[in-house]
Amino acid sequence: YKFIKKAFIKYKIDIVYHAAAYKHVPLLEENIIYAIKNNIFNTLNLINICLQNKVQNFTFISTDKAVRSTNIMGASKRFSEIIIQSFYEKFSKSQNISFTIVRFGNVFASRGSAVPLFIDQIENGGPVTITDKLITRYFMSTIEAVGLVLESTHISKGGEVFVLNMGEPIKIYYLIKKLIKLSGYTEKTKDKPLGDIEVVSIGLRPGEKLYEELLIGNNPISTSNPNIFKANEKFIKYDKLIQEIKKLKISYNQNNIKNCVNILKKNCF
């Protein structure tokens with residue numbers, strides 16, 4: 001908190017894009033306390049510092065995993081979304097700050113993406129490991145993601161949850177088959193035992209879903225950009241939310257993981 005506060009004062013920051021988060025689903029299932037500390041409390045630190053320093057625009061980079069989440073990573077991001085929505089309603093008029101949430105799926109070949117791993121496995125002769133051959137994910141390029149995030153900030157009037165048009169979800173197995181073919185190899189299967197690269201299913205990891213969603217509610221609203229939609233998402237009013245945050249902090253300080261999870265389930269699932 002103190003480090004960030006000094007940086008804001010020194011550099012007179014007036015626009016913030018908050019993308020910092022722990023995003024690895026299975027690791028966060030095993031490290032719940034750290035997920036809460038980094039993804040929720042550090043987001044809260046940043047919001048409070050922005051309010052103190054009269055920042056003009058705060059854009060929160062969220063994830064499709066925040067929608068009806070089955071994992072701690074998604075729940076921690078959804079709780080942060082709720083904090084931002086609630087704080088905007090409470091402080092936007094008095095502080096003249098615009099809070100924006102932008103929610104999207106996977107950025108192709110970005111850090112943490114499975115695609116570089118698949119390529120490495122192919123180059124090493126396989127096998128290529130996939131959690132489940134039915135699993136699907138949304139993808140977009142880095143250039144698309146950055147451009148639409150910047151555009152979302154530009155068109156924001158404050159308090160919105162923007163959802164980027166990710167196109168149709170892609171089967172990861174289909175993507176792997178394409179990578180194998182583009183690398184000049186053939187897939188090794190029961191029907192093609194002389195193929196080069198085998199694809200092996202290893203089972204879903206803790207907290208992982210077969211399918212991801214981008215909307216909690218229905219009927220997204222179109223914007224001036226056909227690839228950006230505005231979601232109608234409910235949130236917790238400020239006074240009630242502050243009480244929930246206090247409960248979460250007490251449970252966190254007591255290292256009471258069960259209570260932390262129950263609070264997230266109550267408010268995010």
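**Figure 1. Two bridges join strand β12 (residues 221–222) to β13, and the two strands run antiparallel.** Welcome to the first close-up of this predicted model. Strands β12 and β13 make a hairpin, with 5 residues between them. To find your place in the pairing, look for S222, which stands opposite F229 in β13. Strand β13 (residues 228–231) also has strand β8 (residues 161–164) as an antiparallel partner, and 4 bridges hold that pairing. A handy landmark here is V161, which sits opposite A231 of β13.

**Figure 2. An open sheet of 6 strands follows the order β1-β2-β3-β8-β13-β12.** The pairing in this sheet is mixed. Its edge strands are β1 and β12, each of which pairs on one side only. At the β1 end, strand β2 (residues 57–63) runs parallel to β1, and 4 bridges join the two. I15 is a good residue to start from, as it stands opposite N57 in β2. Helix α4 (residues 72–95) lies across β2, β3 (98–104) and β8. The helix runs at about 155° to β2.

**Figure 3. An open sheet of 3 strands has the order β5-β11-β10.** Here the pairing is parallel. The edge strands are β5 (128–130) and β10 (187–188), and each of them pairs on one side only. Between β5 and strand β11 (residues 197–201) there are 3 bridges, again in the parallel sense. If you would like a single pair to zoom in on, try T129, whose bridge partner in β11 is V200. Helix α5 (residues 115–123) lies across β5 and β11, and runs at about 145° to β5.

**Figure 4. Helix α6 (residues 142–155) seen through three of its residues.** Which residues should you pick out along this helix? Begin with G147, which is found in helix α6. G147 is partly exposed, with a relative accessible area of 34%. For a sense of scale, the C-alpha atoms of G147 and K93 are separated by 28 Å, and these residues are 54 apart along the chain. Next comes L150, also placed in helix α6. L150 counts as partly exposed because its relative accessible area is 45%. Then turn to S152, another residue of helix α6. Is S152 buried or exposed? S152 counts as buried because its relative accessibility is 0%. Leaving aside neighbours within four places in sequence, S152 is in contact with T100, V102, F162, L164 and I228.

**Figure 5. A nonpolar surface patch is made by I15, Y17, V146 and L150.** The patch covers about 350 Å². Which elements each supply at least two of its residues? They are β1 (15–18) and α6. Two of the patch residues may look familiar from the earlier views: I15 is the residue opposite N57 in β2, and L150 has its place in helix α6.

**Figure 6. E81 forms salt bridges with R78 and with R103.** The structure holds 7 salt bridges, and this view brings together two of them. In the pair of E81 and R78, the closest N and O atoms are 2.7 Å apart. Both residues lie in helix α4, 3 residues apart, about one turn of the helix. In the pair of E81 and R103, the closest N and O atoms are 2.6 Å apart. This second pair links distant parts of the chain: E81 lies in helix α4 and R103 in strand β3, 22 residues apart. E81 and R78 are both buried, and R103 is buried as well.

**Figure 7. E244 and K266 form a salt bridge.** The closest N and O atoms of this pair are 3.1 Å apart. The pair links distant parts of the chain, with E244 in helix α8 (residues 238–253) and K266 in helix α9 (residues 257–268), 22 residues apart. How do the two partners stand in terms of burial? E244 counts as buried because its relative accessibility is 2%. K266, in turn, is exposed, with a relative accessible area of 52%. To round off the salt bridges, R78, E81, R103 and E233 are joined into one network by salt bridges that share partners.

Note on methods: Residues are numbered from 1 along each chain as its sequence is written. This is a predicted model: local features need pLDDT of at least 70, side-chain atom pairs count only at pLDDT 80 or more; totals for chains, interfaces and linings use all residues. Side-chain values use heavy atoms; hydrogens and water are left out. Two strands pair if DSSP finds at least two bridges between them. Contact means heavy atoms within 4.5 Å. Axes are lines fitted to C-alpha atoms, for helices over the stretch in contact, and angles run from 0 to 180 degrees between N-to-C directions. Buried means under 20% relative accessible area, exposed over 50%, partly exposed in between (1.4 Å probe, protein chains only). Patches are made of residues with over 30% relative accessible area and no salt bridge: like charges are joined within 9 Å, nonpolar side chains (Val, Leu, Ile, Met, Phe, Trp, Tyr) within 5 Å. Accessible areas come from the Shrake-Rupley method with a 1.4 Å probe; for residues, only the protein chains shown count as cover. A salt bridge is a side-chain nitrogen of Lys or Arg within 4 Å of a carboxyl oxygen of Asp or Glu.
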